[in-house]
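Reader: I'd like a close look at one part of this model, the stretch that sits by the ligand. Could you walk me through it and then show me how it fits into the rest of the fold?

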Amino acid sequence: MELRLEDVSHRYGDLEVLRDIDLRIPQGKIVCIVGPSGCGKSTLLRFMGGLERPDQGRVLQAGTPPPDSLNPLTYVFQDFALLPWRRVEDNISIILRDHGIDKDRCRAIIDDVLARTKLTEFRRAWPRQLSGGMKQRVAIARALAVNPAVMLMDEPLSALDSQTRDLLMEDLVTLWSRQPFTGVYVTHNLSEAVRLGHQIVVLSRRPGRISEIVEIDTPLDQRDAADPQLERTQKHLWTLMRAEAEAADKELLDG
Ligand SMILES: Nc1ncnc2c1ncn2[C@@H]1O[C@H](COP(=O)(O)OP(=O)(O)OP(=O)(O)O)[C@@H](O)[C@H]1O
């Protein structure tokens, strides 16, 4: 299944947030969305997930989700959103039970997603016993458990320190390489974008418009932070972002 956004524009009262967004999220690819603060990245993600509707334009789901998908769309948030009073496995089972999955199948799914996120030994742990990186792995395991057609990730690594972030990026690359999923990944961090994105969508300052879509052909599992081509791409993205941020500052001063 892929997502298509057609002519999406939106205002909150007098505040124009997004303008004329046309975008395709292809199946089996990760699309990163970057742009200056407040340009509408999270709003766009909420439209994709159906949590809100745009004033204008449409968000379409084209094709069908995987046959055993419980939720076509699922989120991973920056703050993990785990239930502190439930153990790791119960943070996952609660979602599956909601879908009426029987006990044996539930157990098989939990075994699988915990193994994929390297959390098998921590299934009986409480969230408070886990580091930030592990909590986010639980949130990723929970998202994978419903076998979503599209995983929507809103700055999932930005609450973590840089080493943990690097490790989790590796984990995401391994997860995707073993079983490609469709993902939309909002981030401020351009090194995350060039590490994880097949496409990087650069939004302008508010109202967010697409200023460029950068494609990276290097397979995810062959990307290396020292790769000169990735470095060039990251620099190019930074040049675009800086120009927008400077223009936004100037507008504030002039206003
Ligand atoms: N429900 C809402 N009601 C009113 N204004 C909103 C609402 N949600 C977001 N906004 C405003 O819309 C603009 C875009 O917000 P959004 O969170 O989508 O931007 P963003 O690019 O994700 O920002 P950041 O990079 O800082 O996380 C901001 O000015 C924000 O204050």
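Author: Start at the end of helix H1: just after it comes glycine 50, with a positive phi of about 75°. Bear in mind that this is a predicted model, so every angle and contact here is computed from a prediction. The helix itself runs over 41-49, and its buried residues are Lys41, Thr43, Leu44, Leu45, Phe47 and Met48. As for the pattern in a list like that, an α-helix has 3.6 residues a turn, so residues three or four places apart point the same way.

Now for the ligand. Around it sit Tyr12, Leu15, Val17, Gly35, Ser37, Gly38, Cys39, Gly40, Lys41, Ser42, Thr43 and His188. H1 is the biggest giver to this shell, with three residues, while strand S2 (15-25) is the other element named as supplying at least two. Lys41 and Thr43 turn up on both counts: they belong to the ligand shell and to the buried residues of H1. By character, the shell splits into seven polar residues, four nonpolar and one charged.

How sure is the predictor? Mean pLDDT for the protein is 92, with 99% of residues at 70 or more. For the complex, the ipTM is 0.97 and the pTM is 0.93.

Stepping back, the domain assignment puts residues 2-64 + 149-254 in domain 1 and residues 84-148 in domain 2. Their C-alpha centres are 26 Å apart, and the contact between them uses 11 residues from domain 1 and eight from domain 2. On the domain 1 side, strand S6 (150-154) and helix H5 (162-178) are the elements giving two or more residues. H5 leads there with five. That side comes out as nine nonpolar residues, one polar and one charged.

The largest nonpolar core has 64 residues, and the ones with the most contacts inside it are Cys32, Ile33, Val34, Ala141, Ala145, Leu152 and Val184. Helix H4 (132-145) gives this core the most, eight residues, and each of the two domains puts in at least three. Take alanine 145: leaving out residues up to four places away in sequence, it touches Ile92, Ile95, Leu96, Ile109, Ile110 and Val113.

Two of those partners, Ile92 and Leu96, are also on the buried list of helix H2 (88-98), along with Val88, Glu89, Asn91 and Ser93. The cover over the buried residues of H2 includes H4 and helix H3 (103-116). There's an echo of where we began, too: H2 is followed by glycine 100, whose phi is positive, near 70°.

One last stop, back in domain 1, is threonine 233 in helix H7 (228-254). Why call this residue buried? Because threonine 233 has 20 other C-beta atoms within 10 Å, and the cut-off for buried is 20 or more. Setting aside sequence neighbours within four places, threonine 233 contacts Val194, Val214 and Ile216. Its C-alpha is also 9.7 Å from that of serine 191, although the two residues are 42 apart along the chain.

Key:
Residues numbered from 1 in each chain as written. Predicted model: local features only at pLDDT ≥ 70, side-chain atom pairs only at ≥ 80, totals over all residues. Domains from an automatic or database assignment. Contact = placed C-beta atoms within 7 Å. Helix = DSSP H or I, 4+ residues; strand = E, 2+ residues; numbered from the N terminus. Nonpolar A, V, L, I, M, F, W, Y, C, P; charged D, E, K, R; others polar. Near = placed C-beta within 6 Å. Core = buried A, V, L, I, M, F, W, Y, C linked by C-beta atoms within 7 Å. Buried ≥ 20, exposed ≤ 12 C-beta atoms within 10 Å, placed from the backbone. pLDDT = per-residue confidence, 0-100.
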